Amino acid sequence: MTSPAEDVDVVAARPRPRRGVSFRDAGPPVALVVMFGVFSALSADFRTIGNVQNIMDTAAVLAVVTCGITFVLLMGSIDLSAPGVMGASALAVALLVANNRNDNDLGIIGVLVAILLAAALGCLSGLALVLLKVPSFMTTLGVSAIGLGVATLMFAGVQPNITDAMIESWAVDRFLGFSYLTWIAATCVLLGWSIQRYTRLGRYAFAIGGAEEVLSLSGVKVAPYKVAAFTLAGSFYGLAGVMVTSQLGAGLVQAGKGYDFAAITAAVVGGTLLTGGRGGILHSTVGVLLVTVLTNGLVQVGVSPYWQGGVQGLIVVAAVAAAVLPQRRRNQVTK
Amino acid sequence: MTTDLIKEADVKAPAPVHALEVRGLVKHYPGVKALDGVDLVVRQHEVLGLAGENGAGKSTLLKALVGLVRPDAGEIWVRGEKVRIKSVVDAAEHGIGMVFQEQSLVPNLTAAENIVLGSEGRGVRRGVYRWDAMRRLAQEQLDKIGSHIDPLARTDTLSFADRQMVEIAKVLRIEQRTSHPPVIILDEPTSVLESKEIETLFTQVRRLREFASVIFVSHRLDEVLDVCDRVCVLRGGESVGEVAAAGAAPGDLHRMMIGSTGSEDHYHDTAQRSEKTLRPMLQVRGLSGPTFRDVDLDVHAGEVVAIVGVHGSGREDVCRALFGAVPTTAGEVTLDGEKLDLSSTRAACAAGVGYVPAERKIEGMVGPMSVADNMTLTKQKARCTGPLVMPQKQASLVDAWITRLSIRTPNRGTAIQRLSGGNQQKVVLARWLVAGDIRLLLLDHPTRGLDIGARSEVYRLMRELADSGVATVLLADSLEEAIGMADRILVMSDGRATKEVACPSGGKPTPLDLVKEMV
């Protein structure tokens with residue numbers, strides 16, 4: 001062993017490897033603060049406590065969906081199944097808790113069953129990917145259609161309105177100023193971050209996105225982890241479907257409409273790359289807040305609703321272009 | 001000093017138990033015999049060097065040892081036991097581990113995770129990471145090789161040399177799986193290291209010998225002799241002999257690597273033009289870019305200039321920079337007296353510069369597209385009238401070139417990926433010729449992966465082009481090829497042009513003369 005004095009010497013001599021937050025990682029949070037500041041300066045309505053609560057409550061469902069999709073994106077895969085999976089879970093939970101269509105009153109168990117159904121659909125995406133070698137873009141698109149089909153069958157022409165007090169209260173009742181849904185979302189983010197940081201599944205998702213062939217060269221079987229990541233993503237979508245049902249007070253087939261692309265946008269804006277291996281839950285969550293603050297802020301400063309969609313799109317493209325700027329090179333192939 | 005040339009005759013003697021023994025290993029690829037009955041012995045606690053030209057079969061042999069290539073015939077014995085190695089995991093079970101030439105680390109994980117990847121042991125309990133235990137496991141491995149890397153640093157923030165230490169630490173994990181001393185394979189570990197880092201690596205290799213056997217592969221023969229106990233030489237997929245490192249000179253090894261296969265006029269020497277046109281076609285002054293500095297280069301019309309250098313010398317980037325594919329920071333380049341625009345590949349094409357990339361299947365051709373479409377990919381005007389593609393125009397043009405270059409293809413509509421490598425390469429070359437405006441041809445390993453016959457045809461084609469006044473810059477696959485084809489050779493080392501060697505027909509330098517300049 002070398003003496004401590006020598007150790008210090010050696011450490012001082014070598015360039016210190018980075019272990020903190022890189023400049024690029026810092027970009028989206030800085031953008032969030034700046035955007036928040038700009039809107040606060042421009043609009044008195046924006047900078048109210050009520051509006052901040054409003055933003056958080058609006059972001060809740062998207063945050064949960066984004067948590068799920070982040071694991072898939074980290075692997076370099078893509079997941080378009082959120083709308084179908086959320087629709088199926090929305091209908092399942094609406095029919096299992098107290099409602100106007102049947103005599104079920106399973107309460108929290110109904111919620112768990114709905115999430116389980118969603119997890120099974122996610123698992124299906126993963127299995128199709130690793131067993132049939134169908135690219136995730138197509139498998140998840142197919143699974144979304146399956147989910148919508150299942151939801152439509154359960155819907156059967158009559159909209160189930162829920163009468164379950166607990167689930168209705170999630171969207172309405174507040175704890176420390178935020179709705180229960182917001183707290184559920186915050187818990188999901190914490191849970192997702194722990195999985196990403198402290199479990200083999202989370203770390204291997206990073207590794208698969210970083211250099212999948214190295215994993216197999218090291219004797220790791222990759223397929224189970226891929227299936228597990230899609231299953232985990234499915235469970236998050238399932239919970240999100242339940243949350244939408246709570247907001248609407250009814251189970252709708254279209255509960256998850258548009259959440260697939262909204263979640264991908266949020267994740268990418270936050271710094272989770274579509275090529276995999278970079279970013280993570282916290283990045284994606286910042287992305288969710290960025291997108292939500294942007295939408296809310298544009299309304300508050302009085303941008304015409306006719307303009308909002310276009311302006312929002314422009315800002316998203318600009319944000320992503322800025323994120324990939326450091327790694328552009330000549331003759332780069334972009335698809 | 002004399003060298004021991006032991007013909008591998010005494011191998012069958014069952015004498016001492018070797019750490020690893022390979023008998024008569026054979027591997028065929030379509031059109032190429034990569035391994036043709038290789039024998040190899042690795043003794044306990046020795047560092048065995050493996051030398052051979054490109055294409056001698058080194059990488060195939062190593063891949064067979066770690067289960068990445070399934071040999072067609074032959075046996076592998078580990079410590080006196082015949083084994084079948086079907087995967088990297090199998091190899092690890094038998095105590096064989098390899099540090100790959102292209103580093104096999106996951107860049108976005110920590111060093112610690114990479115070291116224990118696949119065998120986390122107490123670092124992970126029921127799928128949940130215990131970062132402390134993992135760091136300690138990794139630290140143990142790093143301590144073995146005396147490295148001071150922070151185990152929790154992200155791998156892509158480490159220097160290349162440090163990452164190599166991480167790889168060695170990772171490979172040494174196979175000790176956990178076997179009770180015997182492991183066999184560690186180091187494939188070209190020094191190719192991108194600075195000399196100080198190489199010293200550190202050699203210290204590690206000598207340390208490894210105390211508890212393992214090592215197979216060391218390098219292009220730099222002096223290094224091989226420096227660090228190894230014994231060197232085995234491969235040529236054309238066969239083991240041609242071995243040398244005790246003590247007392248041997250790089251020249252001895254080199255002679256064995258090349259053999260005496262001076263096949264007459266393989267490089268169409270006689271067609272090499274003796275009289276030099278004095279018109280300089282390409283003039284490069286002070287060209288600097290990401291991996292090279294201050295490069296000067298002149299190529300006359302009808303001349304072939306080869307650039308040689310070891311991996312990391314920057315020659316590939318010089319070649320690509322002349323085609324506008326790598327950005328440059330300084331320098332003047334003129335083509336036939338006019339300033340050459342290096343800002344894009346499109347400008348280079350328009351100026352009459354052609355580039356044949358080394359990665360033919362990835363960069364050189366569009367696999368599923370037809371021979372005709374591949375041939376007319378760049379010079380669209382040759383097949384178009386205005387904005388429209390004229391099928392008859394394309395057909396007659398392409399057929400003419402198929403005949404002229406004797407490209408063997410069922411017809412011009414055949415997908416190029418169905419052709420043999422040599423014929424594919426001819427189509428890629430023809431792409432630059434169809435418009436008849438080519439002035440400078442940049443050939444990056446044009447014969448890579450081709451068999452002897454196909455090589456010879458590519459050489460003949462190069463001679464013809466030179467005769468018609470095209471200036472050629474060649475990055476050769478081997479030194480022999482460079483010497484055989486070039487009129488002049490530019491030696492590059494560490495991003496600088498260090499030496500220029502004349503190479504006229506009849507007065508060719510030997511590979512050794514060049515090797516001295518390269519390292």
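Which residue in β10(B) does B:Leu50 stand opposite? Keep that in mind while you get your bearings; the tour gets there shortly. One caution before you start clicking: this is a predicted model.

**Stop 1: all of chain B**

Colour chain B by secondary structure. You should be looking at 17 helices and 24 strands. Turn the C-alpha trace along its principal axes and it spans about 70 × 55 × 45 Å. Why does a radius of gyration of 25 Å fit chain B? With 519 residues, a compact globule would come out near 24 Å, so the value for chain B agrees.

Of those 519 residues, 48% count as buried. Now think about contacts in chain B with a separation of 6 or more: 68% of them come from residues 24 or more positions apart.

Next, colour by domain. Domain 1 takes in 1-95 + 182-261, and domain 2 is 108-176. Domain 3 is put together from 263-352 + 439-446 + 471-519, while domain 4 covers 360-438. If you draw a line between the C-alpha centres of domain 2 and domain 3 of chain B, it should read 43 Å.

**Stop 2: the six-stranded sheet**

Stay on chain B and show β6, β9, β10, β3, β11 and β12, which line up in that order as an open sheet with mixed pairing. At the edges sit β6 (96-99) and β12 (238-244), each pairing on one side only. Look along the sheet and you'll see the twist: neighbouring strands are turned by 20° against each other on average, ignoring direction.

Now select 47-51 and 213-217 in chain B. These are β3 and β10, which run parallel and are joined by four bridges. Here's the answer to the opening question: B:Leu50 stands opposite B:Val217.

Add the helices. Helix α8 (250-258) of chain B packs on this sheet, where it touches β3, β11 and β12. Its direction makes about 25° with that of β11(B). Helix α1 (58-65) of chain B lies across β3, β6, β9 (183-187), β10 and β11 (230-235). Compare its direction with β9(B) and you get about 150°.

**Stop 3: B:Ala248**

Click on B:Ala248, in the loop between β12 and α8 of chain B. Is B:Ala248 buried or exposed? There are 20 C-beta neighbours inside 10 Å, so B:Ala248 counts as buried. Draw a C-alpha distance to B:Val231 while you're here: the two residues are 17 apart along the chain and separated by 9.7 Å.

**Stop 4: the four-stranded sheet**

Move on to β14, β13, β16 and β17 of chain B. In that order they make an open sheet, and the pairing is antiparallel. Its edge strands are β14 (295-300) and β17 (338-339), each with pairing on one side only.

Start with the hairpin formed by β13(B) and β14(B), which has six residues between its strands. Click on B:Asp294 in the turn, where phi is positive at about 55°. Strand β13 (280-288) and β14(B) pair over five bridges, and one residue pair to pick out is B:Gln283 with its bridge partner B:Asp298.

Then step across to β16(B). This strand is joined to β13(B) by five bridges, again in the antiparallel sense, with B:Val284 opposite B:Val333. Finish the walk at β17(B), which pairs with β16 (330-335) over two bridges. There, B:Leu335 has B:Glu338 as its bridge partner.

**Stop 5: B:Glu332**

Keep strand β16 of chain B on screen and highlight B:Glu332, which is found in it. Buried or exposed, then: which is B:Glu332? B:Glu332 is exposed, because 12 other C-beta atoms lie within 10 Å. Leaving out residues up to four places away in sequence, B:Glu332 touches B:Arg285 and B:Gly286. B:Gly286 is 46 residues away in sequence, yet the C-alpha atoms are 6.6 Å apart.

**Stop 6: where chain A meets chain B**

Bring chain A back into view. The contact takes 23 residues from chain A and 27 residues from chain B. On chain A, select α1 (4-13) and α9 (200-217), since each supplies at least two residues to the side that touches chain B. Which element gives the most to that side? That's α9(A), with nine residues. Colour this side of chain A by residue class to end the tour: eleven nonpolar, six polar and six charged.

How values were computed: Residues numbered from 1 in each chain as written. Chains lettered and ligands numbered in written order. Predicted model: local features only at pLDDT ≥ 70, side-chain atom pairs only at ≥ 80, totals over all residues. Pairing = 2+ DSSP bridges. Axes fitted to C-alpha atoms, helices over the stretch in contact; angles between N-to-C directions. Contact = placed C-beta atoms within 7 Å. Nonpolar A, V, L, I, M, F, W, Y, C, P; charged D, E, K, R; others polar. Rg over C-alpha atoms; globule rule 2.2 N^0.38 Å. Domains from an automatic or database assignment.
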